[in-house]
Amino acid sequence: MAKRSLFATPIGAAKAKQAFQRIGWTQEYLAAQVGVHTRQPIWKFFTGKPIERHTFIDLCFQLDLEWQEIAGLPSPDELRASSSAQEPDEWVQRLRTHLQGQLQAQCGVLQSSLDVTHNLQLSEIYTGIQTLPQLTHQRWLEISDLQTEAEPTRFMPAHEDLAQGTETVKSHTKLVIVGKPGAGKTTFLQHIALECQGNRLRPDCVPIFIPLRMLTRAVQDSISIVDYINRAWSGSGITDEQIDQLLQQGRVLVLLDGLDEVAQENSQSLIHQIQDFADHYYQCQIIVTCRIAAQSYYFRGFTYVELADFTQTQIEAFARRYFVATAQNSKTVGLSKANQFFEQLQRHENQPIRELVVSPLLLSLVCSVFQERSSFPSNRAKLYKAALDILLGRWDQARGIHRDTTYQQLSSAQKIQLMGKIAATTFEQGCFYFEKQDVLRIIAEYLSTFPNVNSDPEVLWQASEAVLGSIVLQHGLLVERARDVYSFSHLTFQEYLTARKIVATSNASELQEALVNLASHVCDAQWREVLLLTSSMLPDAMDLMEPIQTHVQGLAQTDSMQKFLINLDRKVSSLELDCKPAAVRAFYFSLLFDRDLNLAIALDSTLANTLPNALALDLAFTRAFNLGLPLVIDPSLKEILNFSFALDLEQRFTFEAPLLKSWLALKQQLPDPSIGETQLKNWWQSDGPQWMEHFRDWLAEHRHLHWQAQQIEQLQSYYQANQLLVDCLSGDCRINPDLKSQMLATVLQPTPAHATASSPCS
């Protein structure tokens, strides 16, 4: 077997050392430049020891030396014996050098359909991807298997059994990578090309990145993939025969991008050509990318993997790189913007946005929106519309892709209408996953409304299947989650399209009926986002806000609820505060069951800073009471001590003399902590329940804090409905300012008839 190593002669080693000293590099840096992981090959090179031939040649290239002058060349007989092994190494190196600029121009810039002020370099922003071991649409699962109990209404990605993308590439010589639109297929393939060119992956190969939509132009002229490669590498000094030899020896990394982007009339011939190429040049590593829905053919001998959605770690890594790259070389400014992005993204109200950013394409969109104003738009419907625009065509248009339009008879508005009908129908049924036959019925019903449509059931059904296939392939708005089980790619789109369908109702009476029906869902958590989006898109949101307010008030018409609200109103009226009364009512309302201050802060933002003394004191009393409740069941010494510290309120607050006297008298009924752990536990189990009842009565008498344990679920439902009402009013809804102020001021008030039935506290 011919030797595949070279060594430097003493004179050659001396020249190499001089060149190395002139450049001023370290051995670690030189090792990185040639793609080796240790300094050992560098040390061997400078000391005349044999090293891999391609590494030797690359080292000489980096040091601007002629490798033939540095190497200890073999004898003529050895040269003849090893010439066939040496020449491919030289060809690879020559091609790498010749194609470096071309490959950087082709793969070094991130593809984007977004309006950015400058091109983003792939190296600045690339975030590693992960692959799923099984294609999701091939799983034999039922809807019940997909609908999890923990999160039944949101499609969050599962991250078990994932593999790093580069490791997947290293493990398979024939690979098809599939993914949803915007999943990062092209970006990943560009990254692989640059990794190969930089000697970090397959350093023995020359990479070639071929957009298949460009290759089909050549296919129409009966030009093969090999001819395409020959043309791309013309001018390098390597002959067609030498390129063929490199292909035969597996010295070319062939990257074929976008099989789904090929026109239908060319796809079959191209598929057969790829298969023939893979069979003939079986030693070459070949990677093909394709959208999931475009898989009508399976290449023999290829492994299929699917790109996974981004994890939280990947989202954060991408966002940091994005904001640093767009911060005009100020890393500090970029990281600061990234931290703001993470903080706002984690807020409860931004859950729908968090769901979108698992897609690299939509994450780019959200980052670009945040880049301008350091916040997400108050009207999230605008953001969702922009995301839809990208998926419905802008992404393809930006890259010059013209797909087959199976449903080209539909205008953009009609496509939105159809998607809205699918969204609203399934959402109203509570279906977030749905069978293929169910969505086909919706499409068939929509198509049947067109004039001159063929109403034959079989023809209409086939047309519906074609439309569904186009939606899944071209837009990715619908995704096949398992065999013949579909969902929207993100629940956010299903919610937005449902709201958009309601707003687009042209008949006034039908619109009012739809809004009244929508308002009836004010207590249903799954309808929250639809209500918020609809209120922000209506030209006059009062048409929705009045039915919502009426429904919310109807939740509190029982005598027990009105009694609670009257006591609450009395408590607030007894306080002399600068805060808005509605906000103080919200503060005390939530104080009595979960201490969630979101509604209070939404009504009066000053409460987010420093609480007035009276409110802070009642918050401390409530916290102490809640700490005491578990002690009567299963006390521990640690919990007892924590409770004792929580009761030490007179040290932190100013008490009026009568209040202080009664408070200290209540505390004196507690046992001295010095009696020991056993006696403390015994006391809490025997006398603790009665003392907690005294504490409850004391809070009702002295602080007017009344717990309503019997109706806690009813209280929470009413509170959440008011929260939704306020969120709609505080959002980007168009409503008369005076009416808005009036509605906000009456939040959590008893109805006038009940309120006047009792006199207020003095």
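## Salt-bridge exercises

At 23% relative accessibility, Arg528 counts as partly exposed. Keep that in mind as you work through this predicted model.

**Exercise 1.** Find the salt-bridge partner of Arg528 and work out which helices the pair links.

Solution. Start with the side chain: Arg528 meets Asp727 in a salt bridge, with N to O at 2.5 Å. Next, place the two residues: Asp727 is in helix α35 (residues 712-730) and Arg528 in helix α25 (residues 528-537), so the pair links distant parts of the chain, 199 residues apart. Finally, check exposure: Asp727 has 21% relative accessibility, and because buried means under 20%, it counts as partly exposed.

**Exercise 2.** Sort Arg300 and Asp279 into buried, partly exposed or exposed.

Solution. First the contact: their side chains form a salt bridge, 2.4 Å from N to O. Then the location: Arg300 is in the loop between β8 (285-291) and β9 (303-307), while Asp279 belongs to helix α14 (residues 264-280), 21 residues apart. Now the sorting: Arg300 is at 52%, and exposed means over 50%, so Arg300 is exposed. Asp279, at 35%, is partly exposed.

**Exercise 3.** Are Asp618 and Arg703 buried or exposed?

Solution. Look at the bridge: the closest N and O atoms of Asp618 and Arg703 are 2.6 Å apart. Trace the chain: Asp618 is in helix α30 (residues 613-628), and Arg703 in the loop between α34 (688-702) and α35, 85 residues away. Both residues turn out to be buried.

**Exercise 4.** Which residues join Arg53 in a salt-bridge network?

Solution. Follow the shared partners: Asp89, Glu90 and Arg251 join Arg53 in one network. For context, the structure holds 23 salt bridges.

Terms used: Residues numbered from 1 in each chain as written. Predicted model: local features only at pLDDT ≥ 70, side-chain atom pairs only at ≥ 80, totals over all residues. Heavy atoms only, no water. Salt bridge = Lys/Arg side-chain N within 4 Å of Asp/Glu carboxyl O. Helix = DSSP H or I, 4+ residues; strand = E, 2+ residues; numbered from the N terminus. Buried < 20%, exposed > 50% of the residue type's maximum accessible area, 1.4 Å probe, protein only.
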